[in-house]
Amino acid sequence: MRNSLRLVAMSAALAAASFATSASAAASATATATAEILQSLTLTADSALDFGQIAANTGGTVTVKSDGSVSQTGGLIWSGNKNPAGFTVTGTKGASVAVTLPTVAATLYLGGNTASPNKMVLDQFTATPTGAFQLNATTGQGHIDVGGRLTVGSAQAPGLYSGTFAVSVEYQ
Amino acid sequence: MTVLRLRSMAMAGAALLATFSSLPAAAQGDLLIAPTRVIISQGGSSEVILSNIGSEPATYRISAELRRMTEDGDFHEVTEAEATPAEQAALQMITYAPRRINLLPGQPQSVRISIRPPEGLPDGEYRVHLNFRAVPPALKPEVGTDPAAGVSIKLIPVYGITIPVFVRRGRLEASATLANAHLVTEPGGSFVELDLSRAGQRSVYGEFIGKSARGEVLFDLRGIAAYPEITHRKVQIPLSPEALVKLKGPVKIEYRELPENGGALIAATAATFP
């Protein structure tokens with residue numbers, strides 16, 4: 001049993017509640033507990049990167065940028081909601097953190113089947129803000145939007161394509 | 001009874017809506033990490049707490065990666081093939097466990113970090129970056145998708161947090177100087193830009209505090225480091241609209257250790273703004 005008890009300062013109410021429970025349990029088991037407040041960082045996903053609905057037609061590209069602007073090329077027909085992915089970061093007030101995005105393209109497969117020959121490529125990731133940015137001096141929060149470009153083939157087979165892409169928040 | 005039935009109908013309605021939206025806001029994989037940097041001196045070990053703050057059970061994976069700081073203060077990834085001997089030594093001596101953790105919502109677990117320095121390791125600062133991220137749930141074929149609807153997309157973000165882990169061997173010194181503080185105004189906002197020069201065998205880390213002649217704090221940017229691989233970097237300190245208005249005349253800019261590390265002055269400079 002460690003004789004130092006580590007408490008975590010955080011703003012997420014749910015996590016705070018669960019930590020408080022385990023912390024008090026540990027405290028009652030250890031008479032000589034000392035508390036050390038640790039800096040914490042949380043990352044939560046608020047909204048998904050949404051490319052809406054696409055009728056492939058002769059194919060082309062659709063782009064949802066992190067600033068919310070959208071553009072398309074080629075003969076495809078594009079409709080529905082188009083939104084960048086949104087994330088909330090909470091950490092030390094006024095701290096500098098950096099966003100890193102994938103440097104390689106992500107692949108989306110028809111029906112989520114990675115063996116499927118039907119696939120699409122997602123690349124040209126953008127983030128707002130880019131690189132290093134400062135968390136709010138009062139709330140310790142920051143918001144990140146992430147966008148990308150999807151390339152749709154001519155006569156791309158219809159259906160639901162799914163895949164993953166990586167976003168990371170870094171402390172110095 | 002009636003209430004129950006109404007509720008279950010309402011839930012069925014909600015489920016239907018969720019199926020049609022291209023992806024419900026994925027709360028699976030939300031995470032908390034504490035502390036946000038780890039320094040291990042002369043043997044010893046440390047631990048980092050990972051907590052699932054999402055609303056679903058999640059599996060997290062932890063990996064050690066290499067990063068280098070650029071003179072802009074950005075990071076770039078370094079593959080193992082590109083690693084210097086010191087970076088390879090860091091990857092080999094810094095071990096952590098577990099590497100994969102299943103957590104229920106609200107459940108925390110500590111990840112233990114320990115070091116095994118090889119014989120004859122030269123003094124210096126060694127560093128890896130530990131990445132904590134959720135493993136996405138297995139992609140499963142969706143049923144009920146109408147082919148006539150064309151092409152629809154489901155993108156699952158794999159998002160995580162990366163923190164630096166330092167190992168310091170021997171008596172390491174470092175110092176810093178500041179120069180060339182000036183105001184930059186861009187469409188996206190204004191910031192004070194300055195040059196941070198670093199000397200010595202280890203990194204420096206702290207906060208930038210700007211004070212007016214009357215001692216009023218105009219800005220405070222925390223968590224700025226200069227790593228051993230660079231002797232120079234640019235620092236950009238964002239200014240709030242209120243701070244921009246007050247940024248006139250002589251301003252003292254201090255680079256200090258964070259208060260929890262003692263708050264000692266590392267370097268200072270003075271600048272006069274028009």
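**Chain A, its contact with chain B, and the shared core**

Of the 172 residues of chain A, 42% count as buried. The model is predicted. Chain A contains one helix and 14 strands. Its contacts often join residues that lie well apart in the sequence. Among contacts in chain A with a separation of 6 or more, 71% involve residues 24 or more positions apart.

Chain A also meets chain B. In this interface, 62 residues of chain A are in contact with 54 residues of chain B. Several elements of chain A each supply at least two residues of the side that touches chain B. They are the helix α1 (13-29) and the strands β3 (41-47), β4 (53-55), β8 (85-90), β9 (96-100), β12 (132-134), β13 (141-152) and β14 (159-171). The largest share comes from β14(A), with 13 residues. By residue class, the side of chain A that touches chain B divides into 33 nonpolar, 26 polar and three charged residues.

The strand β14(A) also pairs across the two chains. Its partner is strand β10 of chain B, residues 151-169. The two run in the parallel sense, and twelve bridges join them. Within this pair, A:Val169 stands opposite B:Ile161.

The same β10(B) appears again in the nonpolar interior. The largest nonpolar core has 97 residues. β10(B) gives the most to this core, with ten residues. Which residues have the most contacts inside the core? They are B:Leu31 and B:Ile33. The surroundings of B:Ile33 include residues of both chains. Leaving aside residues up to four places away in sequence, B:Ile33 touches A:Ser40 and A:Leu41 in chain A. In chain B, it touches B:Val48, B:Leu50, B:Phe132, B:Ile161 and B:Ile163. B:Ile161 is thus named twice: B:Ile161 touches B:Ile33, and B:Ile161 stands opposite A:Val169.

Chain B also holds an open sheet of four strands, in the order β14-β13-β16-β17. The pairing in this sheet is antiparallel. Strands β14 (217-226) and β17 (265-273) of chain B stand at the edges. Each has a single partner strand, so one side of each is left without a neighbour in the sheet. From one strand to the next, the twist averages 20°. Inside the sheet, strand β13 (residues 204-212) of chain B pairs with strand β16 (residues 249-256) of chain B. Six bridges link these two antiparallel strands. B:Ser212 stands opposite B:Val251 of β16(B).

How values were computed
Residues numbered from 1 in each chain as written. Chains lettered and ligands numbered in written order. Predicted model: local features only at pLDDT ≥ 70, side-chain atom pairs only at ≥ 80, totals over all residues. Pairing = 2+ DSSP bridges. Axes fitted to C-alpha atoms, helices over the stretch in contact; angles between N-to-C directions. Contact = placed C-beta atoms within 7 Å. Nonpolar A, V, L, I, M, F, W, Y, C, P; charged D, E, K, R; others polar. Buried ≥ 20, exposed ≤ 12 C-beta atoms within 10 Å, placed from the backbone. Core = buried A, V, L, I, M, F, W, Y, C linked by C-beta atoms within 7 Å.
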